[in-house]
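Here are a few exercises to work through with the model open beside you. Try each task before reading its solution.

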Amino acid sequence: MESSDLTETGTMRHVVYDRFGERDVLRVTESPIPQPGEGEVLVRVHGAGLNPIDWKTRKGMGFVATQIENSLPWTPGYDAAGEVVDVGEGVTTLVPGDRVMGMIGFPVTGGAYAEYAIANAEDLAIVPEELDLIAAAGVPLAALTAWQALFEVAELESGQKILIHAGAGGVGHFAVQFALERGAHVIVTASSRNRDFLAELGVHEVIDYHTTDFTEECYGLDVVLDLVGGETGKRSLQTLSDSGVLVTIPTVTADDVVSAAEAMGVRAHGMRSRPDAFHLDEIAELIEDGDVKVHVEQVFSLDQVQAAHELLEGGHVRGKLVLDCR
């Protein structure tokens, strides 16, 4: 079937919710396959990555929820990997058949939890041949968050000492590998069950946060990447050197952490990740060269989306969770 026929006659399955709430608001429905507009492509989604922002928005928390509350039902998901099946006007960089991944529909359109999704061509990167499309779906948002936090905000350099909280998680396991690849000395907080996983990635020191107070182990750090937020973020400020910087990712507590830093006379920044195909290309190259690996802990079907959110919300995922949308 030609792609133009597809969008005129075909329907697709996708996840929606029409109100904020617990996991039971998530359901699978059918709709017409959308058509790409100018600068857009239609992607046959193979995998959709899950991120903490997905469950927080579903519960009505945070910036995105305030933006979409009057336009429900809404299809969640910002991480898509799949195959281009149709291109809109003005798209010259991609053609049907290209294997792509990207952070799509960010922040208010979403749409990745679906068999087909619309994406801006400029937000997509080509997936390396070595990487299957299910694993590729775990890359964009988490890897871009790690990349932008380390290299744009913290300006991490070779030889610096960095502490990464929750280093075995989605953003964390990318941040660990990027920091090591850059030549930093990497310290990570994690639970004991993730010690071997992190050792395999090459981490220099693992601190078990259940048994050890990281503030007693760490001092004079150049960078802290805080993926936990709240009190953990605030206590981390004690570990910085005079010229050190903390980057805190959870937006809900970012203002508190930054205020605490100002009171102590040290530097801290919150940040929001953004789509960036150039960064994604650089990340894809590291994956292609074998310097960075994507760890997918579990794959769920679209129909298992509630179970996927249950695991996601638990907050102890190693690496990434992905929906198989084929």
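**Exercise 1. Overall dimensions**

What radius of gyration would a compact globule with 326 residues have, and what does the chain have?

Before solving, some ground rules. This is a predicted model, where local features need pLDDT of at least 70 and side-chain atom pairs count only at pLDDT 80 or more, while totals for chains, interfaces and linings use all residues. Residues are numbered from 1 along each chain as its sequence is written, and side-chain values use heavy atoms, with hydrogens and water left out.

- Step 1: take the radius over C-alpha atoms and use the globule rule, 2.2 Å times the number of residues to the power 0.38.
- Step 2: for 326 residues, the expected value is near 20 Å; the chain has 20 Å, so the two agree.
- Step 3: for the box along the principal axes, the C-alpha atoms fill roughly 65 × 40 × 35 Å.

**Exercise 2. Contacts and charges**

Work out how the chain's contacts are spread along the sequence, then look at its surface and charges.

- Step 1: call it a contact when heavy atoms are within 4.5 Å. Among contacts with a separation of 6 or more, 67% join residues 24 or more positions apart.
- Step 2: get accessible areas by the Shrake-Rupley method with a 1.4 Å probe, where for residues only the protein chains shown count as cover. The total is about 14,000 Å², and 44% of that belongs to carbon and sulfur atoms.
- Step 3: count Lys and Arg as positive and Asp and Glu as negative, without His or the chain ends. Place each charge at NZ of Lys, CZ of Arg, CG of Asp or CD of Glu. That gives 22 positive and 52 negative side chains, with the centres of the two sets 8 Å apart.

**Exercise 3. The nonpolar cores**

Find the largest nonpolar core and the helix that gives the most to it.

- Step 1: sort residues by relative accessible area: buried is under 20%, exposed over 50%, partly exposed in between (1.4 Å probe, protein chains only). Of the 326 residues, 55% count as buried.
- Step 2: join buried Ala, Val, Leu, Ile, Met, Phe, Trp, Tyr and Cys residues through side-chain atoms within 4.5 Å. The largest set has 91 residues, and Val139, Phe178, Leu198 and Leu323 have the most contacts inside it.
- Step 3: take helices (H or I, at least four residues) and strands (E, at least two) as DSSP runs numbered from the N terminus. Helix H5 (residues 140-153) gives the most to this core, with nine residues.
- Step 4: check Phe178, skipping neighbours within four places in sequence; its partners include Ala143, Ala146, Trp147, Leu150 and Phe151.
- Step 5: a second, separate core has 15 residues, among them Phe214 and Cys218.

**Exercise 4. A buried histidine**

Is His309 buried or exposed?

- Step 1: locate His309 in helix H12 (residues 305-314).
- Step 2: with 0% relative accessibility, His309 counts as buried.
- Step 3: leaving aside neighbours within four places, list its contacts: Arg23, Leu26, Leu50, Asp54, Trp55, Arg58 and Tyr113.

**Exercise 5. Backbone oddities**

Track down two cis peptide bonds and two positive phi values.

- Step 1: the bond from Leu72 to Pro73 is cis, with omega near 5°. Pro73 lies in the loop between helix H3 (62-68) and strand S4 (79-87).
- Step 2: Phe106 to Pro107 is cis too, with omega near 5°.
- Step 3: Glu155, not a glycine, has a phi of about 55°, and at 52% relative accessibility Glu155 counts as exposed.
- Step 4: Ala166 has phi near 60° and is partly exposed, at 32%.
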